[in-house]
There are 2 protein chains.
Amino acid sequence: MKSPSYPVPAVIAEGDASRRPAVGRKECKVAILGFGTVGSSVARILSERRAAGLHLTHIYNRGIERKKVDWLPAEVQWTADINEVLSSDVDVIAELVGGLRPAGDWIRSALKAGKSVVTANKQLIAHHGPELAQLAREMKRHLYFGASVAGGVPVISGLHEGLAGDELFKIYGILNGTCNYILSQIESVGVSFQAALSEAQRLGFAEADPTEDVDGLDARAKLAILSRGALHSNIMPGDITCRSIRPIEAVDFNYARLLGCTIRQISWAQLEEGQLFAAVQPALVGLTSPLASVEGSQNLVMATGKFGGETVFGGHGAGGHPTAVAVVSDIIAIARASEGGASGFAQVRETAASISSDFTTRHYLRFTVMDRPGIIAAIATILSSCGINLDSVLQKPGYSQAALPFVITLEACKASLVEKALQQIAKLDFLVQPCLHLPIVG
Amino acid sequence: MKSPSYPVPAVIAEGDASRRPAVGRKECKVAILGFGTVGSSVARILSERRAAGLHLTHIYNRGIERKKVDWLPAEVQWTADINEVLSSDVDVIAELVGGLRPAGDWIRSALKAGKSVVTANKQLIAHHGPELAQLAREMKRHLYFGASVAGGVPVISGLHEGLAGDELFKIYGILNGTCNYILSQIESVGVSFQAALSEAQRLGFAEADPTEDVDGLDARAKLAILSRGALHSNIMPGDITCRSIRPIEAVDFNYARLLGCTIRQISWAQLEEGQLFAAVQPALVGLTSPLASVEGSQNLVMATGKFGGETVFGGHGAGGHPTAVAVVSDIIAIARASEGGASGFAQVRETAASISSDFTTRHYLRFTVMDRPGIIAAIATILSSCGINLDSVLQKPGYSQAALPFVITLEACKASLVEKALQQIAKLDFLVQPCLHLPIVG
């Protein structure tokens, strides 16, 4: 193992943490607090991505013996003593224990010890984020919390960095996968709220006490974090009105559909003439809105700015791996910031062995033919001889027999295989124009 | 005006540009090269956002007299001499002239002069990005090009930072608004490609020579940039196969619809067993895919990673303001990186005067009543007395008269107004359960 390449102050809280000499490619030592679903996913990603210069050195958890895994390097130190991590030479501590206490105290101690901190702790950031960020500034250390909202969807970095040039005035979206699952179930199966909730609990999508999710408390913590960052509003979760999804019944989806809508739990914050409107509540959403097609545990955030208009961020809002991606992305951001001299997409890590456009997909072939018997048979014979399987043959009525369009779709195969078959097919004399060949995606 | 707070090397290319002392809140001096649509939007945003610490000092354009505007501070220096900018004390140069030359030479000179560079120049970055990024690294300066792909959609920062923790292996999306407009027109109006193109040209959505757009050259430059950054592939635009959208006819949309699909120009790159598949081509896309609902000049990129699954970025892919937002976001990123000590969403700039959940929306009211004559009249009278306008009354057949659900929708008004009316309505004796009140959004 290399010796620490970040100069870590020997005595904590000396206040000189910012005076790092500029050095070359550095290694960044990382500790994980909490080895649950997210913590072990973070460890997994870090162990598979040593190339990124991130080096997992410590894992804290209560009862470590029962937590230890065999797929991490032997040099990773497992400990049940938080002070062992705080007094170590790690550069970044990833707090993944959750809850307000002791997580908040540990983050304070870590910042004071000159560590940067990454956390997925939504309630802690929602309630104590401004105070912790202030401490981080004082210590000239980083506090990143991209994983605290919408899991793997990089909405915090997107709003804070990607849209930094805009003046955002509205954010709204779907921030709670449990509500989304329950509402989708009521909609598609026509069951009651209670039945949908029970099913969600059975599948592990909802807690035994579902209050945090279905009554909006989870989403409002996330909305508070987003509003602070994107709308620069000093808002606390308790300032945000919540309405439960409990009263929604299947009949409401029937009526919503008549109105060209569906129903979703919407988190919404909007600045208007110096006033901040904010609420988490079930709402009707037009079927053509991206919000309407959000499924299961997916999250989606729409941000509207004065200059750039509406921008959408969507993806997996929960789960160990997606949340861990957000945590590791934050660690990488800190490592890069410590390195300096970043330049966009500068470094190409590897070169793909070769470049091809020969995707494997389903295929759409539109033929235009002079109609006569035996056309399908002739085409199918060639396709078959090339090892290609037909999926369907479609012919809409109403076209001239002299230039009749019809469509053949193919099961998934390489585009090159189809092109080879089409070269033979092109010689058939009933074609009145070249076949149109498109891949079918999504 | 404050004196320059970045230490700018007096002699260019001395190589000591990285040794900046850590100072407090700094001002970042910005020059714009090219005062066209994007350049003037950037100037507009910078002039309205002085709070961000960005200070526009120079504007370069040929024939500046005809370009000068009256809404910029008098101290902004207008010049038609590029050397005046290169030898100035600006920290960041935004290259918005486009084209390969002289833009590329100017960027090289700027980096060598110790300036960081932001560019919206897609073709330049696609063809010379790696070389320019290497120069930026050598000079320890930043080269950002978030505006070069998908305009205002922060996909480059999203992939490079927000998803840095993942191992991305697939990106696909809609990167050309002109193709999207033309295909949408063929689909919705049933016109020929040529007619849709002519209409797009008439409206200014397509160039007189539409080759770059409709034959895929524009999108493949963007795909090359994204593939390099997200898939770490050393790919050039010429390596990417392009297929034109010219052969697409209205009949193909009819068949696509039968298959539950629509047709879009899809840019697609995917790493598979060391091989990079890449193409820009028209493709069938399932109607439930987010790609299917992309309209007009909207862009959408879907990135898939080993750990985080699929993430979506969408928004305005073109236009002066959205592109300018991307440029300014990059300038802010450079200014922040130079400051150091960033901590997520740390700084709350302002506090909204007050916080409210009293949004103005359309409203959905679902009543459940013991049926009898006069119910609608009773409710409508109260709503009307509160100044609320009815939009529609919906009643589906098949429910019991003893607990009959029906819906009233309201024109846009404040939620508080509706709640006030509902308090009066709650006293009506035909209600068998409380009214369900939802906002209608989107």
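Biologist: In which sense do strand 11 and strand 12 of chain A run, and how many bridges join them?

Modeller: Strands of a sheet pair through backbone hydrogen bonds, either parallel or antiparallel. In this predicted model, strand 11 of chain A and strand 12 (residues 309–316) of chain A run antiparallel and are joined by eight bridges, where two strands count as paired if DSSP finds at least two bridges between them, and strands (E, at least two residues) and helices (H or I, at least four) are DSSP runs numbered from the N terminus. One of the partnerships sets Leu300(A) against Gly314(A) in strand 12 of chain A, and a hairpin of three residues connects strand 11 of chain A to strand 12 of chain A. Strand 11 of chain A also pairs with strand 7 of chain A, in the antiparallel sense and over six bridges; there Tyr172(A) has Met302(A) of strand 11 as its bridge partner.

Biologist: Before we go on, how are the residues numbered, and what pLDDT do local features need?

Modeller: Residues are numbered from 1 along each chain as its sequence is written, while chains are lettered from A and ligands numbered from 1 in the order in which they are written. Because this is a prediction, local features need pLDDT of at least 70 and side-chain atom pairs count only at pLDDT 80 or more, although totals for chains, interfaces and linings use all residues, and side-chain values use heavy atoms, with hydrogens and water left out.

Biologist: How many of the eight residues of strand 11 of chain A are buried?

Modeller: Seven of the eight residues of strand 11 (residues 298–305) of chain A are buried, so this strand is largely enclosed by the rest of the structure; here buried means under 20% relative accessible area, exposed over 50%, and partly exposed in between, for a 1.4 Å probe and protein chains only.

Biologist: In what order do the six strands of the open sheet in chain A lie?

Modeller: The order is 3-2-1-4-5-6, with parallel pairing, and the edges are strand 3 (77–79) and strand 6 (143–144) of chain A, each of which pairs on one side only. Within this sheet, six bridges connect strand 1 (residues 28–33) and strand 2 (residues 54–60) of chain A in the parallel sense, and Lys29(A) stands opposite His55(A) of strand 2. Helix 4 (residues 103–112) of chain A lies across strands 1, 2, 4 (92–95), 5 (116–119) and 6 of chain A and runs at about 155° to strand 5, an angle between N-to-C directions on a scale from 0 to 180 degrees, with axes fitted to C-alpha atoms and, for helices, over the stretch in contact.

Biologist: Is Ala31(A) buried or exposed?

Modeller: Ala31(A), which belongs to strand 1 of chain A, is buried, because its relative accessible area is 0%. Leaving aside neighbours within four places in sequence, Ala31(A) is in contact with residues including Leu56(A), His58(A), Val92(A) and Ile93(A), where contact means heavy atoms within 4.5 Å.

Biologist: Which backbone nitrogen does the side chain of Asp166(A) reach at 2.8 Å?

Modeller: A polar contact is a pair of N or O atoms within 3.5 Å; within protein, one must be able to donate a hydrogen and the other to accept it, and residues adjacent in sequence count only if both atoms are side-chain atoms. The side chain of Asp166(A) reaches the backbone nitrogen of Phe307(A) at 2.8 Å, and a polar atom of that side chain lies 2.7 Å from the backbone nitrogen of Gly308(A). Asp166(A) is located in the loop between helix 6 (155–162) and strand 7 (168–174) of chain A, is buried at a relative accessible area of 6%, and touches residues of chain B, among them Arg49(B) and Val325(B).

Biologist: How many disulfides does a search of the whole structure find?

Modeller: With a disulfide taken as a pair of cysteine sulfur atoms within 2.5 Å, the search finds zero over all chains. For Cys413(B), the closest cysteine sulfur is that of Cys386(B), 9.5 Å away and therefore too far for a bond; Cys413(B) counts as buried at 10% relative accessibility.

Biologist: By what turn can chain B be laid on chain A?

Modeller: Two copies of a chain are related by a rotation about an axis and a shift along it. Here a turn of 180° and a shift of 0.0 Å along the axis lay chain B on chain A with an RMSD of 0.1 Å, so the copies are related as by a two-fold rotation axis, the superposition being by least squares on C-alpha atoms of residues with pLDDT of at least 70 in both. In chain B, the C-alpha nearest the axis belongs to Phe313(B), 2.4 Å from it, and 100% of the contact residues of chain B recur in chain A.
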